[in-house]
Amino acid sequence: MNPSDHTNPAPGTDRRDFLAGMTALAGAAGLLGASERVVAGDTSFMNNVPDPLLAEKSLPEFTFALEKSPGRTLGGSYGKEATVKQLPISKGIAGVSMRLEPGVMREMHWHATAAEWAFVVSGRVRTTVVDPQGRTGIDDFGPGDIWYFPRGHGHMLQCLGQEPCQLILVFDNGYFSEFGTFSISDWLSHVPPALLAKNLGVPEATFRDFPKDEVYFAKGPVPPETPAAPLGGVQPPPLSHRHSLLSQKPFETFPGGREWRVEAKDFPISATMTGAILELAPKALRELHWHPNADEWQYLLAGRIRATLFGSRGRYREATLDAGDVGYIPQGYGHSLENVGSDPARILIVFNSGMYETVNLSQWIAGQPADVLAVNFGRPAATFDAFPKRNVFMAGD
Ligand code: MN
Ligand code: MN
């Protein structure tokens, strides 16, 4: 672990741990000039890992119609997922669209290989999370709120109130499958009752009528408005799992172009992920850019956008996303998003790094002397007088 790592918990993928180890080694050897900027979950070395899928003559598909996929259902509750199976390019991040009807619980479970970041689209949700120190976080969420559960921390989700809830769950590992989570009923139904009886100090008969297989969605009454105390008493965790993303003041560059974004510095438990809601008016453009330190996962909440992707060696492709579609941009790949519909577009964007970094085309160009640009493009220096002198980020029509 890097000694300057103040975010410490180091949840992330196994590869991340490996990378964190490399980072520590490189830091120890004095190879990293600015090693204080490298924290757990840093993906600086990801491009050194060869990816055969990204080495082909053309770029692979980078979008997937998540909401049109079948998923797993119980009545009106469902979970639909986008992993490397559905979208092979998305190795760094997986996502799930989940709907829970009133009284339905996504049962107690943990994720062996991923942290969970979530955005509440509609409805209300309660979660419990128990950390390795035995402290329980119980939080209630509403539309526009997000949560973060570190990798391996046991949790459950429960619809609150009389309305269904809609959630987008995002995981910092594209190989993660929602349908391969470690559910408590799946585990206990496969352990001999005698072992459970010994473990928990209750009669074996206690388990006779327990579920015989994974429950996944459990249906019960609508939960009480005020949560009861845990069996073991109240012992809250030091860091909150909850953040109200849409209560923040958005970053606004022109009317109809707004972004709400939260990184680990403002939501400390979210050490391995950053999330944002980007709103684009019709014809507005999130300019050409890339992210030096993270992969990007997109879910279109509303509207219609065109995404572009550039992958070096002349490889370029475009895709149109409608509401409910997912897009994926590998770390360091050039891209843009443009509203090509007639309504405002809203995009949920999640990165697999707790620190946000972007290099925007306008800013890169504005950072050059005119003679450099003149030589590079073989044009007179005056050509560039009209170019932006600042970071555009989002452009209106
Ligand atoms: Mn989960
Ligand atoms: Mn981006």
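**Exercise 1.** Is histidine 289 buried or exposed, and what is its relative accessible area?

*Solution.* The structure is a predicted model, and the values below are computed from it.
Step 1. The cut-off for a buried residue is a relative accessible area under 20%.
Step 2. Histidine 289 has a relative accessible area of 4%.
Step 3. Histidine 289 therefore counts as buried.
Step 4. The test can be repeated for histidine 291: its relative accessible area is 2%, so histidine 291 is buried.

**Exercise 2.** Identify the donors of the manganese ion (ligand 2) and state how they are spaced in sequence.

*Solution.*
Step 1. His289 and His291 each supply their NE2 atom to this ion.
Step 2. The coordination also involves Glu296 through OE and His335 through NE2, and the distances run from 2.0 to 2.2 Å.
Step 3. Along the chain, these donor residues follow the pattern H-x1-H-x4-E-x38-H.

**Exercise 3.** Describe the site of the manganese ion (ligand 1), and locate glutamate 116 and histidine 155 in the secondary structure.

*Solution.*
Step 1. The ion is held by NE2 of His109, His111 and His155 and by OE of Glu116, at 2.0 to 2.2 Å.
Step 2. The spacing of the donor residues reads H-x1-H-x4-E-x38-H.
Step 3. Glutamate 116 belongs to strand S6 (residues 116-122) and histidine 155 to strand S10 (residues 154-160); the two are 39 residues apart, and the pair links distant parts of the chain.
Step 4. Glutamate 116 and histidine 155 are both buried.

**Exercise 4.** Determine what surrounds the side chain of arginine 315, given that this buried residue has no salt bridge.

*Solution.*
Step 1. Arginine 315 sits in the loop between strand S20 (304-310) and strand S21 (316-322).
Step 2. The nearest side chain of opposite charge belongs to glutamate 56, 7.9 Å away. A salt bridge requires a separation within 4 Å, so this pair does not qualify.
Step 3. Backbone oxygens must then be examined. That of glutamate 56 is 3.0 Å from a polar atom of the arginine 315 side chain, and that of glycine 311 is 2.4 Å from such an atom.
Step 4. Beyond neighbours within four places in sequence, the contacts of arginine 315 include Leu54, Lys57, Leu59, Phe310 and Tyr333.

**Exercise 5.** Summarise the protein as a whole: how many helices and strands does it have, and what percentage of its residues count as buried?

*Solution.*
Step 1. The secondary structure consists of five helices and 26 strands.
Step 2. The protein has 397 residues, of which 48% count as buried.
Step 3. Of the contacts between residues at least 6 apart in sequence, 77% connect residues at least 24 apart.
Step 4. The exposed area is about 18600 Å², with 58% of it supplied by carbon and sulfur atoms.

Conventions: Residues are numbered from 1 along each chain as its sequence is written. Chains are lettered from A and ligands numbered from 1 in the order in which they are written. This is a predicted model: local features need pLDDT of at least 70, side-chain atom pairs count only at pLDDT 80 or more; totals for chains, interfaces and linings use all residues. Side-chain values use heavy atoms; hydrogens and water are left out. Donors are N, O and S atoms within 2.8 Å of the metal (3.2 Å for Na, K and Ca); water is not among the atoms, so sites may look incomplete. Helices (H or I, at least four residues) and strands (E, at least two) are DSSP runs, numbered from the N terminus. Buried means under 20% relative accessible area, exposed over 50%, partly exposed in between (1.4 Å probe, protein chains only). Lys and Arg count as positive and Asp and Glu as negative; His and the chain ends are not counted. A polar contact is a pair of N or O atoms within 3.5 Å; within protein, one must be able to donate a hydrogen and the other to accept it, and residues adjacent in sequence count only if both atoms are side-chain atoms. Contact means heavy atoms within 4.5 Å. Accessible areas come from the Shrake-Rupley method with a 1.4 Å probe; for residues, only the protein chains shown count as cover.
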